[in-house]
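Got the model open in your viewer? Let's take a walk through it, one selection at a time.

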Amino acid sequence: MTKWFKKDLKQLFNSLDSSKEGLSSEEASEKRKKYGRNEINDKEATSPFKILLAQFQDFLIYILILAALLSLGIGLLPGHSPEYTEAGLILLILVANGLFGFIQDYKAEKSIQALKDLSTPKATVLRDGKRKEIDSRELVPGDIIFLEQGDAVPGDARIIESHNLETDESALTGESSSVSKTPGKLNEETSLADRENMIYMNTHVVKGRGKAVVVETGMKTQVGGIATQIEEADERKTPFQREVDELGKKIGYGIFTIIGLVALVQFGFTSAGPLTVLLVAITLAVAAVPEGLPAVVTLTLALGSKKMLKKGALVRRLPVVESLGSVDFIVTDKTGTLTEGVMTVEKVFFSGKEYSTTGTGLNTDGRFQRNGKTVNKDLRPLLQCGLHCNNAQKAPEDDEKEFFGGPTEIALLVSAYKAGLTEKKGRKKSIPFSSDRKRMTVVTKDNNAYMKGAPETVLERCNRIMIDGEEKELTDERKQEILDKNNEFARDALRVLGFARKQEIDLETEEEIESSMLFLGLQGMIDPPREEVQEAVEDCRSAGIRVVMATGDNIETAKAIGEEIGFKSDNALTGNEVEGMTEAELRDEVENTEIFARVSPEHKVRILHALQDNGHNVAMTGDGVNDAPALKNSDVGIAMGRRGTDVAKQSSDMVLQDDNFVTIRDAIAEGRGIFDNTRKFVNYLLSANAGEVLAVFFGILIGTAFFPDIFSSSNSGALILTPIMLLWINFVTDGLPALALGADPKSDGIMKRDPRGKNEPVINRRMMASIAGIGIIMTLTGLPIFFQALSTDLIAAQTALFTFLVLVEMIRIQIIRKRYGQSILSNKWLTGALGSSILLQLLVLYTPLSAYFKTAWLGAESWIILVSGIAVFWILSIGMGEILDRYLPGQV
């Protein structure tokens, strides 16, 4: 990108083929053909059809579609009809899952359309030697633009004239104060936030007026560069998404392996025919696939997002809900995130004494204190000066804003309001501030003059000082005392202004008005930290999460704010220092640095990537346009809802509606709880599938070996469980409790744990052992029940095993939840779901539905056997849990 700020004006105009007279219409038209329209291009939105199609692009889905097609394909065999019931039920489940996921993803896709909305509608330019207003999209490099207070800057431009011009660049650079803009040439190393001769697209003029030559438009502007970075950012899958994808493939490969093994045994050692092998294949496919998993995952994340919404966090991408639980680094902007986002007078120096203030931001209820005593009235002369020498004003009650004006003057206005001073005197004359004068003076209708400005400049214009209500000579010693206090305030990163007055003046020249004045004191202001932020940062750190500040503000201010909140400032780095590091050096530095200042969007992305390369799961918070690329590239991008720009929100995964850092802590706690619940239902569903697959697999092997008459080639219906029974277990009687697990409350002390590692899977070693152990115990206790009932007939045996697998869910679910210290009654939805599952199973057994499911009547003797089997399952499962606790301790 061309460094326009370092060129002199002659070089600048030559490079742009322009002059101070601007462009002609013909020249502008030719340039527009070369550079294009002055607008931000956004990516084409994903169509609803693509979103719907994406719901069915999963390995597990492909297996179920194949099972459904095989069920229908049976009808092609001689003497057989298609299994419409099983195929229809499989497809119904697939459609339900797909529609559910589509609704959630479509809502997210329809959220914030931001980048095109950034363009300003009008711009005032010099065309054909005349000043005219044009559509800002018609602006081209070389155009001369005019700027007034309140204007949005239509393109990146170099200042050629300035009259007290100040802009608000906080959304772009993170600089909380307005920035004075002046002509002139700067050196090559000048950072973005320090380029006083440049203005940037979509920043705003808050004071004065000026003229500038446009140097970049559209996607070549700073905002356009950020938009490009956003567009180029990879759409990162969360670890859980990647794991679910991998899980689907592993289950698929496992299914085909088991089917192949069973087919080999049946063909090699039994007289089973191809149809029997095909039916067993369908049964194993249905048994192995956790049909309810997609719906349970989506609903659990949706429930989690609703919980977060109640706490002020709006989730834009559902999978990120789970990712919050693994965050171990938060990279946060300062302005408006850690701080209030508005300037506040924090200290004053009056009559040789220092005073502190209470209340931050635009709150006018604060007090001035010294040694714990309120002294508002004592400071009236100083505060009156700040009130009258001020262009800011209170906004009407029906306006969205509370005050109009620049942040510094609003801070002085609020400071006066705290002392009950609200009535401004009428103004006779105003001598405006300029970067050369470094002061502003007004003369009120009662012939009093009030001055504010840089303390050194104001002191030069004074010969007296107010001490204890009396005018005293401003001696060199007193001047030095004031300058020492000014330096002390500046070291605390306060922006300091001096104040003076002159009473009962005649209408004199400006030089006479601004001489022999009475020095009143100093007011030091800063964008202060939010009151609750320090506690929130400490809570995050106690949860094993490091918090790092990355701001566009200067390093002194960043260090002062950081130290107040609890950041270590000894290793603070600037953006220029980051830029000079190699990737390896930066990876080392990010592990020991908590404050980064004067950073550009590119620096933030480099910092983020360095942390990610070091194996960290990083959440990035911010509200400005400058935060957008890092938000997009982070593991969890968190934008501010109130102060956040549309670009930041569009790039984020989550929006804090209250802009409160505390909400991040609460959201992480919810994320950890959701991750725990995810582990619970994954364990619950997969252990059921493990039990079903093992029961079917070993049941077929045992049946063909010991009951050849029943499991013969002529009896194609001789299955351990029918596909429809397995679908009922997986999607209904297991699905309802699994859904209810998503509403489980958080475990006690959830924020006392360290975050899980970046590569720690949802299914860790303990869960794998638990799934396998429960599956084996289900098989060991369930198959004896099946073969005992087989003495009656096959349907009775299938019904007994079918019912056993449904009933042991009550035992399985509590075995899993016990690890998290939760009782069966701690989740009313789970209690209801378990009761509903049992009721639905009884309806299948004892109503006309039994014909549909092909089940037999279970009498008292059968129930005694079932209850005995459940008791044995309970005892064995408790023993298994103790063994796992002994050999895999500490793993939840």
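Start by selecting Lys746: in this predicted model, Lys746 is partly exposed, at 34% relative accessibility. Now add Glu670, whose side chain meets that of Lys746 in a salt bridge, 3.0 Å from N to O. Glu670 sits in helix H24 (residues 661–706), while Lys746 is in the loop between helix H26 (735–741) and helix H27 (765–789), so the pair ties together parts that are 76 residues apart in sequence. Buried or exposed, what is Glu670? Glu670 counts as buried, at 6% relative accessibility.

**More salt bridges**

Side chains of opposite charge can pair when their charged atoms come close. How many salt bridges does a search of the whole structure find? The count is 40.

For another one, pick Arg127 and Asp143, whose side chains form a salt bridge at 2.7 Å, N to O. This pair links distant parts of the chain: Arg127 is in strand E1 (residues 122–127), and Asp143 is in the loop between strand E2 (130–135) and strand E3 (144–148), 16 residues apart. Both Arg127 and Asp143 are buried.

Next, select Glu514 and Arg437. Their closest N and O atoms are 2.9 Å apart, in a salt bridge. You'll find Glu514 in the loop between helix H16 (510–513) and strand E22 (517–526), and Arg437 in the loop between strand E16 (427–431) and strand E17 (439–444); the pair links distant parts of the chain, 77 residues apart. Glu514 has a relative accessible area of just 2%, so Glu514 is buried.

Then select five residues in one go: Lys347, Glu354, Lys485, Glu488 and Asp492. They are linked in a network of salt bridges.

**A buried lysine**

Move to strand E18 (residues 449–453) and pick out Lys452. Lys452 has a relative accessible area of 7%, under the 20% cut-off, so this lysine counts as buried. What does the side chain of Lys452 have 2.7 Å from one of its polar atoms? That would be the backbone oxygen of Cys389. Show the neighbours of Lys452 too: leaving out residues up to four places away in sequence, Lys452 touches Cys389, Asn390, Glu409, Leu412, Arg439, Met440, Val458, Leu497, Gly498 and Phe499.

**The cysteines**

Stay on Cys389, which is buried at 0% relative accessibility. Which cysteine sulfur is closest to that of Cys389? It belongs to Cys385, but at 5.7 Å the two sulfurs are too far apart for a bond. Cys462 is in no disulfide either, with its nearest cysteine sulfur, again that of Cys385, 9.4 Å away. Cys462 is buried as well, with a relative accessible area of 7%. The disulfide count comes to 0.

**Helix H4 and its surroundings**

Switch on the surface and select Tyr62, Ile65, Leu69, Leu72 and Tyr84. Together they form a nonpolar patch on the surface, with about 500 Å² of accessible area. Which helix gives the largest share of the patch? Helix H4 (residues 59–73) does, with 4 residues. An α-helix has 3.6 residues a turn, so residues three or four places apart point the same way. Tyr84 lies in helix H5 (residues 84–109). Tyr84 is exposed, with a relative accessible area of 60%.

While you're on helix H4, click Phe59, which is found there. Phe59 is partly exposed, with a relative accessible area of 25%. Now measure C-alpha to C-alpha to Asp245: the two are 186 residues apart in sequence, yet 7.4 Å apart in space. Leaving aside neighbours within four places in sequence, Phe59 is in contact with Gly248, Lys249, Gly252 and Tyr253.

**An enclosed helix**

Jump to helix H29 (residues 809–818). Here 8 of the 10 residues are buried, so helix H29 is largely enclosed by the rest of the structure. The buried ones are Glu809, Ile811, Arg812, Ile813, Gln814, Ile815, Ile816 and Arg817.

**Zoom out**

Finish with the full view. The protein has 32 helices and 28 strands, and 56% of its 892 residues count as buried. Among contacts between residues at least 6 apart in sequence, 72% join residues at least 24 apart. The accessible surface comes to about 37,400 Å², with 53% of it belonging to carbon and sulfur atoms.

Notes:
Residues numbered from 1 in each chain as written. Predicted model: local features only at pLDDT ≥ 70, side-chain atom pairs only at ≥ 80, totals over all residues. Heavy atoms only, no water. Helix = DSSP H or I, 4+ residues; strand = E, 2+ residues; numbered from the N terminus. Buried < 20%, exposed > 50% of the residue type's maximum accessible area, 1.4 Å probe, protein only. Polar contact = N/O pair within 3.5 Å; in protein donor to acceptor, adjacent residues only side chain to side chain. Contact = heavy atoms within 4.5 Å. Salt bridge = Lys/Arg side-chain N within 4 Å of Asp/Glu carboxyl O. Disulfide = S-S within 2.5 Å. Patch = residues over 30% accessible without salt bridge, like charges linked within 9 Å, V, L, I, M, F, W, Y side chains within 5 Å. Areas by Shrake-Rupley, 256 points an atom, 1.4 Å probe, with all protein chains shown as cover.
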